[in-house]
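Here's a chain to look over, with its sequence and model side by side. Have a scroll through before reading on.

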Amino acid sequence: MLSRKTKYGIKALTFLAQQDGNEPTQISHIATSENISQKFLESILLTLRKAGILGSKKGKGGGYYLLKEADNIKIAHVYRVLEGPIAMMPCVSLNFYEKCDDCPDEDACSVHNLMIQVRDSTLNILENTTLTDIISEQ
């Protein structure tokens, strides 16, 4: 299940991508427009800034802005930054692999094989979707 943190992060990023130019937008404006707690949003935006997705400007006229064009920000990257692994189980994760303690043979495990299919389908969607795609679907 998608966490609120990731959902709100994607909503905030799409909001920023729709702003005129690349002028900084205040957290309070994003929070009000997207109906997100400002305190929670601050934490999310800070995480996205540390990951190099957002930039920020302090002081009067300050706020957050996208560091890249919206069509260069893949949702898979945002998901990994905010949520962690895309795979539902560590034994099928491409970036965070861990062997399951209760599974002697991954190749013979029906759950493992099913979760590879789920991971691949999910990854295909997230890797091929950008902020621009989300905006254009609205």
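What follows is a walk through the fold, the helix packing and a couple of residues in a late helix.

## The overall picture

First things first: this is a predicted model. The protein chain has six helices and two strands, and reading from the N terminus the order is α-α-α-β-β-α-α-α. So the two strands sit in the middle of that run, following three helices and followed by three more, as the order α-α-α-β-β-α-α-α shows.

The C-alpha trace covers about 60 × 30 × 25 Å along its principal axes. Of the 138 residues in the protein chain, 38% are buried. As for contacts, take those between residues at least 6 apart in sequence: 58% of them link residues at least 24 apart.

## Helix α1 and what covers it

Does α1 come out straight or bent on a simple length check? Put more carefully, what span should its 14 residues have? At 1.5 Å a residue, helix α1 (residues 4–17) should span 20 Å, and its end C-alpha atoms are indeed 20 Å apart, so the two agree.

Several α1 residues are buried, namely T6, Y8, G9, I10, A12, L13, T14, F15 and L16. The cover over those buried residues comes from a mix of elements, including α2, α3 and α4 (75–82), α6 (131–137), and both strands, β1 (54–57) and β2 (63–66).

## α3 and its two helix partners

Two packed helices are described by the angle between their axes and the distance between the axes. Take α2 (residues 27–34) with α3 (residues 38–50): they pack at about 115°, and their axes are 9 Å apart. The crossing is right-handed. From α2, the contact uses I27, S28, I30 and A31, while α3 brings Q38, L41, E42 and L45. By type, that contact splits into five nonpolar residues, two polar and one charged.

Now α3 with α4. Here the axes come within 10 Å and cross at roughly 115°, and this crossing is right-handed too. I44, T47 and L48 of α3 meet V78, V81 and L82 of α4. That set divides into five nonpolar residues and one polar, with no charged ones.

## The β hairpin

The strands β1 and β2 pair up antiparallel, with four bridges between them. One pairing to look for is L54, whose bridge partner in β2 is L66.

Five residues lie between the strands of this hairpin, and G59 takes a positive phi there, near 85°.

## Two residues in α5

Is H112 buried or exposed? This histidine is in helix α5 (residues 110–127). Its relative accessibility is 5%, and buried means under 20%, so H112 counts as buried. Setting aside neighbours within four places in sequence, H112 is in contact with C91, V92 and E106.

I116 is also found in helix α5. Its relative accessible area is 24%, so I116 comes out as partly exposed. Look across to A87 as well: it is 29 residues away along the chain, yet the C-alpha atoms of I116 and A87 are 7.9 Å apart.

Terms used: Residues are numbered from 1 along each chain as its sequence is written. This is a predicted model: local features need pLDDT of at least 70, side-chain atom pairs count only at pLDDT 80 or more; totals for chains, interfaces and linings use all residues. Side-chain values use heavy atoms; hydrogens and water are left out. Axes are lines fitted to C-alpha atoms, for helices over the stretch in contact, and angles run from 0 to 180 degrees between N-to-C directions. A crossing is left-handed if the near helix is turned anticlockwise from the far one by less than a right angle, and right-handed if clockwise. Contact means heavy atoms within 4.5 Å. Ala, Val, Leu, Ile, Met, Phe, Trp, Tyr, Cys and Pro count as nonpolar, Asp, Glu, Lys and Arg as charged, and the others, Gly among them, as polar. The expected span of a helix is 1.5 Å times one less than its number of residues. Buried means under 20% relative accessible area, exposed over 50%, partly exposed in between (1.4 Å probe, protein chains only). Two strands pair if DSSP finds at least two bridges between them.
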